[in-house]
Amino acid sequence: MAGLTNTLRLGALDQALSASSELRNHAPRRDHRLPRSQRVMVRAAAEGPDLSVTVNGLKLPNPFVIGSGPPGTNYTVMKRAFDEGWGGVIAKTVSLDSSKVVNVTPRYARLKASALSGKKPEVIGWENIELISDRPFETMLAEMKQLKEEYPDRILIASIMEEYNRDAWEEIIERVEETGVDAFEVNFSCPHGMPERKMGMAMGQDCSVLDEVCGWINAKATIPVWAKMTPNITDITQPARVALNAGCEGVAAINTITSVMGINLDTLRPEPCVEGYVLV
Ligand SMILES: Cc1cc2nc3c(=O)[nH]c(=O)nc-3n(C[C@H](O)[C@H](O)[C@H](O)COP(=O)(O)O)c2cc1C
């Protein structure tokens, strides 16, 4: 029965496709001889299906959105994403003072199957320890502004992260909004996010701090705000509820899952390890 249905559908699609090529050849009157359902297929074949969605008032041409990270590092890669058809891009997370962000190389740890089975090395897992953007804030602002001017129909979301300081949050929101971005994703989830500065995951794991900071953010922002959650917590619904109750339009799930990729048998430290510190 399923085969028969598929054959019938394919037959209808064939008919629709051949009619659509006539449509493209400027013979629209013939379209009216087709039933309505086939006319929809004709239009889809001629113009492409309509995948547009509206989320929190943001009209995306399609529901495919690139998460914050390397594909949102700079103008060139974000432009490339839009040229390839992505409906939205969430830029790499920015903070006011990028000079405090010092990335290391390499910043990926690999888990190899051979360590478990003794077979030929095969990578079966990755962990990243990349920090937020280490590019100057002003440069990122200029590039987000340029992208919005060149791609007004695409959704560009700025990812922001700051310290436990109301003035800093208000400043970053005001300056980023001036670029014309469509929404904010607030990074309450970066696991390498300078816990001594109570940023990122350290903030997203503390419901009372989260509540206060979301209150500051939502009192200031005039565009939609999504709170990006960390999975590294016993019950993710608790901070998610806090963020929503404090006025965020949405939550984004999830940021990086922390893990240990191996043990260095010389130092007996878990890997990856940077200057004696390990992400767990
Ligand atoms: C190299 C790398 C850099 C990332 N940088 C950011 C970032 O700056 N801000 C952010 O919110 N998430 C960042 N992420 C997290 C991703 O956006 C995503 O939430 C995470 O990788 C989990 O999704 P996945 O399982 O599809 O990889 C980064 C991830 C990777 C691998």
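**Exercise 1: the loop residue E275.** Which two strands flank the loop that holds E275, and is E275 buried or exposed?

*Solution.* Start with the place: E275 lies in the loop between β13 and β14 (277-278). Strands here are DSSP runs of E with at least two residues, helices are runs of H or I with at least four, and both are numbered from the N terminus. A word on the model before going on: it is predicted, so local features need pLDDT of at least 70 and side-chain atom pairs need 80 or more, while totals for chains, interfaces and linings use all residues. Residue numbers start from 1 along each chain as its sequence is written.

Next, count the neighbours of E275: there are 5 other C-beta atoms within 10 Å, so E275 is exposed. (The count uses C-beta atoms placed from the backbone: 20 or more others within 10 Å is buried, 12 or fewer is exposed, and in between is partly exposed.) Finally, check the backbone: phi of E275 is near 50°, a positive value in a residue other than glycine.

**Exercise 2: another positive phi.** Where is N56, and how many other C-beta atoms lie within 10 Å of N56?

*Solution.* Look between β1 (53-55) and β2 (58-60): N56 is in that loop. Its phi is positive, about 50°, although N56 is not a glycine. Now for the neighbours: N56 has 13 other C-beta atoms within 10 Å, so this residue counts as partly exposed.

**Exercise 3: cis peptide bonds.** Which residues are joined by a cis peptide bond with omega of about 5°, and which by one with omega of about 0°?

*Solution.* Take the 5° case: the bond joins A253 and I254. I254 belongs to the loop between β10 (250-252) and β11 (262-264). For the 0° case, go to E271 and P272. There, P272 sits in the loop between β12 (269-271) and β13 (273-274).

**Exercise 4: α3 against α5.** At what angle do α3 and α5 pack, and which residues meet?

*Solution.* Find helix α3 at residues 75-83 and helix α5 at residues 137-150. Their axes, lines fitted to C-alpha atoms over the stretch in contact, are 10 Å apart, and the angle is about 25°. (Angles compare N-to-C directions and run from 0 to 180 degrees.) The pair is therefore roughly parallel. (That label covers angles under 35 degrees; over 145 is roughly antiparallel, 65 to 115 roughly perpendicular, and the rest oblique.)

Now the partners: Y75, M78 and K79 of α3 meet E143, Q146 and L147 of α5. (Contact means backbone-placed C-beta atoms within 7 Å.) Sorted by class, this contact has three nonpolar, one polar and two charged residues. (Ala, Val, Leu, Ile, Met, Phe, Trp, Tyr, Cys and Pro are nonpolar, Asp, Glu, Lys and Arg charged, and the others, Gly among them, polar.)

**Exercise 5: the two partners of α8.** Which residues of α8 meet α9, and which make the contact with α6?

*Solution.* Begin with α9. The axes of α8 (residues 207-220) and α9 (residues 237-245) come within 9 Å and cross at roughly 25°. That makes α8 and α9 roughly parallel. On the α8 side you'll find C207, L210, D211 and C214, and on the α9 side Q238, P239, V242 and A243. This contact divides into six nonpolar residues, one polar and one charged.

Then turn to helix α6 (residues 166-177), which packs against α8 at about 35° with the axes 10 Å apart. Here α8 brings V213, W216, I217 and K220, while α6 brings R166, W169, E170 and I173. The tally is five nonpolar, no polar and three charged residues.

As an extra, pick out R241 in helix α9. R241 is partly exposed, with 14 other C-beta atoms within 10 Å. Its C-alpha atom is 9.4 Å from that of C207, although 34 residues separate R241 and C207 along the chain.

**Exercise 6: around the ligand.** How many residues surround the ligand, and how do they divide by class?

*Solution.* Gather the shell: 16 residues surround the ligand, and the closest are G67, S68, G69, T93 and N128. (A residue counts if its backbone-placed C-beta atom lies within 6 Å.) Sort them, and you get four nonpolar, nine polar and three charged.

**Exercise 7: the whole chain.** How many helices and strands does the protein chain have, and what share of its residues is buried?

*Solution.* Tally the elements: nine helices and 14 strands. Then take the 280 residues, of which 29% count as buried.

Conventions. Two residues are in contact if their C-beta atoms, placed from the backbone, lie within 7 Å.
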